[in-house]
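Thanks for making time for this today. I would like to walk you through one structure, and I will ask you to keep the picture in view while I talk.

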There are 2 protein chains.
Amino acid sequence: MNAEELSSRLAAIASTQRLGIIAQLVGEPLHVSELARRMEMSRALLYMHLAKLEAAGFVTGHLELSEDGKALKFFTAVPFTISITPAVIAAAVNQQEGKTD
Amino acid sequence: MNAEELSSRLAAIASTQRLGIIAQLVGEPLHVSELARRMEMSRALLYMHLAKLEAAGFVTGHLELSEDGKALKFFTAVPFTISITPAVIAAAVNQQEGKTD
DNA sequence: TGCACCTGTAATAAAATACTAACATATGCA
DNA sequence: TGCATATGTTAGTATTTTATTACAGGTGCA
């Protein structure tokens, strides 16, 4: 992972709102409207946060049909581990490209 | 560590500029003017970044007198390890206060 | 005295993020 | 038909972060 990738992944979770979203989704996928109610947040704003989290690979969304036939957009927390130390940072800075994982 | 502490620590390193600063300081303390030259950045801007990094505990600064009697402000990278997983985030969100370490 | 260094801050401008309000569209059901 | 639910976007505003410019002050030395 290079410095740009690292900083953008970190930026995606450097937010209490987005940490809260991930926490809500751990072990329990939720659809957008339900998540918005639990987070006490407008859907428009939630979409913005979800877009950042999904772009960084921390959550993933998919459409599902409810029993009564309505489309629901479910989001799930994606498993990951990020370990950061000064050496990891130095390695990231001192290279142009990084591994996918 | 609670969600606020976690997000503010992450925010402090969620920046390519600040990752670069840490990388420069790993294993080699530098004074502000020298670091500014290496980062190709104005001192005023560098001070802002250093203030954020120091507030979050990633670097630490101290005054030193050079051989010819001039005051130099040296900064050093502080050793640390941050490991983040969905479970760590959930734990941070679901508590009010956290341990110092 | 003047030049080359250094630390430190204040005021301001520019850019990026976060947030709100409003809208369009669709489904099921009484 | 009308209400309650849902997805999704856009346009505009507010706030925060980043960056620049311009200071004021200190030391050593030729």
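The residues of the surface near DNA strand C divide into eight nonpolar, six polar and eight charged, and I should say at once that what you are looking at is a predicted model. In total, 22 residues surround DNA strand C, and the closest of them are K52(A), D68(A), S33(B), R43(B) and Y47(B). Which elements supply this surface near DNA strand C? At least two residues each come from α2 and α4 of chain A, and likewise from α3, α4 and β3 of chain B, where α3 covers 32–39 and β3 covers 71–77. The largest share, five residues, is that of α4(A).

If we turn to the atoms of DNA strand C within 4 Å of the protein, 68% of them belong to sugar or phosphate, while the rest belong to bases. Several side chains can be placed beside phosphate oxygens of this strand: S33(B) has a polar side-chain atom 2.3 Å from one, R37(B) has a polar side-chain atom at 3.0 Å from one, and, from the other chain, H49(A) brings a polar side-chain atom to 3.0 Å from a phosphate oxygen of DNA strand C.

Let me now move to the other strand. DNA strand D is surrounded by 22 residues, with S33(A), R37(A), R43(A), K52(B) and D68(B) as the closest, and the residues of that surface divide into eight nonpolar, six polar and eight charged. Here α3 (32–39), α4 (43–55) and β3 (71–77) of chain A each give at least two residues, as do α2 (16–25) and α4 (43–55) of chain B, and it is α4(B) that gives the most, with five residues. Of the atoms of DNA strand D within 4 Å of the protein, 68% are sugar or phosphate atoms and the remainder are base atoms.

What lies 2.2 Å from a phosphate oxygen of DNA strand D? That is a polar side-chain atom of S33(A), and if you look at V32(A), you will find a polar backbone atom 3.3 Å from a phosphate oxygen of the strand. Y47(A) also takes part, with a polar side-chain atom 3.3 Å from a phosphate oxygen of DNA strand D.

That leaves the interface between the two protein chains. In the model, 27 residues of chain A are in contact with 27 residues of chain B, and the two chains bury about 2,100 Å² between them, 82% of it on carbon and sulfur atoms. How many salt bridges does the rule find across this interface? The count is zero, although three residue pairs are found in polar contact between chain A and chain B.

On the side of chain A that touches chain B, α1 (3–13), α2 (16–25), β4 (82–84) and α5 (86–93) each supply at least two residues. Of these elements, α1(A) provides the largest share, seven residues, and the residues on this side of chain A divide into 19 nonpolar, seven polar and one charged.

I will end with the strands at this interface, where β4(A) is joined by three bridges to β4 of chain B, residues 82–84, and the two strands run antiparallel. If you want one residue to find in the picture, take S83(A), whose bridge partner in β4(B) is S83(B).

Note on methods:
Residues numbered from 1 in each chain as written. Chains lettered and ligands numbered in written order. Predicted model: local features only at pLDDT ≥ 70, side-chain atom pairs only at ≥ 80, totals over all residues. Heavy atoms only, no water. Near = heavy atom within 4 Å. Polar contact = N/O pair within 3.5 Å; in protein donor to acceptor, adjacent residues only side chain to side chain. Helix = DSSP H or I, 4+ residues; strand = E, 2+ residues; numbered from the N terminus. Nonpolar A, V, L, I, M, F, W, Y, C, P; charged D, E, K, R; others polar. Contact = heavy atoms within 4.5 Å. Buried area = accessible area lost by both parts, 1.4 Å probe. Salt bridge = Lys/Arg side-chain N within 4 Å of Asp/Glu carboxyl O. Pairing = 2+ DSSP bridges.
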